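Student: Hi! Could you walk me through the ligands and pockets in this one?
Tutor: Happy to, let's bring it up.

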Amino acid sequence: MAYFPFMIEVENARILIAGGGRSALWKVKALSGFGADLVVAAPSVLPELRERERAGEIRILLQPYRPDLLEGTACVVAATGDPEKNRSIAADCGARGIPCNAVDDPAHSDFIFPAVLRRENYTLAVSTDGKSPLMARKIKERAAEALPEEFDRATGALGDMRARVLREEKDPGKRMRIFEAAAQRLLAGECSGADAGEGSRTDAGEKAENTAAKDK
Ligand SMILES: C[C@@]1(CC(=O)O)c2cc3[nH]c(cc4nc(cc5[nH]c(cc(n2)[C@H]1CCC(=O)O)[C@@](C)(CC(=O)O)[C@@H]5CCC(=O)O)C(CC(=O)O)=C4CCC(=O)O)c(CCC(=O)O)c3CC(=O)O
Ligand SMILES: NC(=O)C1=CN([C@@H]2O[C@H](COP(=O)(O)OP(=O)(O)OC[C@H]3O[C@@H](n4cnc5c(N)ncnc54)[C@H](O)[C@@H]3O)[C@@H](O)[C@H]2O)C=CC1
């Protein structure tokens, strides 16, 4: 197995989760917050999935998986608790060119789930290629402890100024120096801290950009 961490656009994409047990819940937790249309299909579901339905996070179809549910679906998670069933769902998906994750069967999956650290302005994903999901979680937790808040704020501020710098500075070398200098100041807390009282991230980005431009 060799997995590459593509970042896939899932906003508004329909994702079918066949199953309503702990694995299904785990995958729903991982996927929520990314704007996908999450549909859980199972004859019975855990109470926590019901709560998530009430909160508008997912839709629940109280029925076993059927191949017609694949229509209009961008990708599928097979989590029925029955390895043979999960594998046959993966085969149905394969026949239709729909990527499928069978939660208990990486060998018959087109993709697997990493442990995900989602910050406002960046996402970190850790995979052990299925060797140890528990270690994937631990590595993610250690990274979360080690990554200070400034990285998130600096990413947001640089994101705010980037389009303008790309538009206004045509020299790629100079652009890179502007970004480097802005990142350095933001990470040192020289802009975001000072600007925090005044308002937006954009202010921090602009200040970093102005100071960086002066340095050129
Ligand atoms: C292949 C994969 C599924 C896939 O296809 O996606 C897979 C498979 C399996 N998981 C199992 C068990 C557990 N999984 C977790 C937790 C997580 N598992 C996740 C991902 C993946 N799990 C994929 C590979 C990821 C990689 O590359 O490393 C995480 C990271 C993300 C997520 O689920 O959303 C999420 C942590 C979320 C977080 O906190 O960030 C815990 C609890 C814990 O660790 O706290 C346990 C119990 C402890 C243990 O057994 O280790 C079993 C045995 C089942 C059994 O008992 O029978 C299998 C089957 C097998 O290994 O074959
Ligand atoms: N991240 C992961 O992959 C995790 C895996 N696990 C482990 O995996 C083990 C199995 O848990 P689950 O996979 O959740 O199985 P499960 O047996 O607990 O739940 C199966 C679910 O699938 C539904 N179902 C059954 N047949 C179906 C069909 N034909 N179509 C649609 N839905 C159907 C059932 O109603 C039930 O809701 C657990 O013991 C748990 O320890 C636990 C936590 C996380």
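**Ligands and pockets**

Tutor: Let's begin with ligand 2: one of its oxygen atoms is 2.6 Å from an N or O atom in the side chain of S23. Keep in mind that this is a predicted model.

Student: Good to know. Which backbone atoms make polar contacts with ligand 2?
Tutor: A backbone N or O atom of S44 is 2.8 Å from an oxygen atom of ligand 2. There is also G19, with a backbone N or O atom 3.5 Å from a nitrogen atom of the ligand.

Student: And how much of ligand 2 does the protein cover?
Tutor: On its own, ligand 2 has 870 Å² of accessible area, and the protein covers 63% of that.

Student: Who's around ligand 2, then? Which residues are closest?
Tutor: The ligand is surrounded by 17 residues, and the closest are G20, R22, S23, S44 and Y65. S23 is the residue whose side chain has the 2.6 Å pair, and S44 is the one with the 2.8 Å backbone pair.

Student: Which element gives the most to that shell?
Tutor: That's α1, with four residues in the shell around ligand 2. By class, the shell has seven nonpolar, seven polar and three charged residues.

Student: OK, switching to ligand 1. Which residues come nearest?
Tutor: There are 21 residues around ligand 1, and K27, N101, S127, T128 and R137 come nearest.

Student: What does K27 do in terms of polar atoms there?
Tutor: A polar side-chain atom of K27 is 2.7 Å from an oxygen atom of ligand 1. K140 also places a polar side-chain atom 2.7 Å from an oxygen atom of this ligand. From D129, by contrast, the contact comes from a backbone N or O atom, 3.2 Å from a ligand oxygen.

Student: How much of ligand 1 gets buried?
Tutor: The protein buries 67% of the 1100 Å² that ligand 1 exposes when taken alone.

Student: Which elements build its shell?
Tutor: The elements giving two or more residues are α1 (22–31) and α4 (133–146). α4 gives the most, with five residues. Across the whole shell you get eleven nonpolar, five polar and five charged residues.

Student: Which pocket does ligand 1 take up?
Tutor: The second largest one. The volume of that pocket is about 830 Å³. It is lined by 28 residues, and W26, K27, F113, P114 and A115 are the closest to its centre.

Student: K27 again! What about the elements in that lining?
Tutor: Those giving two or more residues are α1, β5 (100–102), β6 and α4. Here α1 has the largest share, with six residues, whereas α4 gives the most to the shell around ligand 1. The lining has 15 nonpolar, six polar and seven charged residues.

Student: And the largest pocket, how much space is in there?
Tutor: About 1000 Å³. Its lining has 31 residues, and the closest to the centre are F6, I8, F111, I112 and P114.

Student: Where do the lining residues of the largest pocket come from?
Tutor: Elements that give two or more are α1, β4 (75–78), β6 (115–118) and β7 (123–126). The largest share is from β7, with three residues.

Student: Last one: what's the mix of residue classes in that lining?
Tutor: There are 24 nonpolar residues, two polar and five charged.

Note on methods
Residues are numbered from 1 along each chain as its sequence is written. Chains are lettered from A and ligands numbered from 1 in the order in which they are written. This is a predicted model: local features need pLDDT of at least 70, side-chain atom pairs count only at pLDDT 80 or more; totals for chains, interfaces and linings use all residues. Side-chain values use heavy atoms; hydrogens and water are left out. A residue is near a molecule or strand if one of its heavy atoms lies within 4 Å of it. A polar contact is a pair of N or O atoms within 3.5 Å; within protein, one must be able to donate a hydrogen and the other to accept it, and residues adjacent in sequence count only if both atoms are side-chain atoms. Accessible areas come from the Shrake-Rupley method with a 1.4 Å probe; for residues, only the protein chains shown count as cover. On a 1 Å grid over the protein atoms alone, a cavity is a set of points where a 1.4 Å probe fits but cannot get out, and a pocket is an open set with protein on both sides within 12 Å along at least five of seven lines; lining residues have an atom within 4 Å of a point. A molecule sits in a cavity or pocket if more than half of its atoms lie within 2 Å of its grid points. Ala, Val, Leu, Ile, Met, Phe, Trp, Tyr, Cys and Pro count as nonpolar, Asp, Glu, Lys and Arg as charged, and the others, Gly among them, as polar. Grid points are joined across faces, edges and corners, and a volume is the space filled by probe spheres set on the points.
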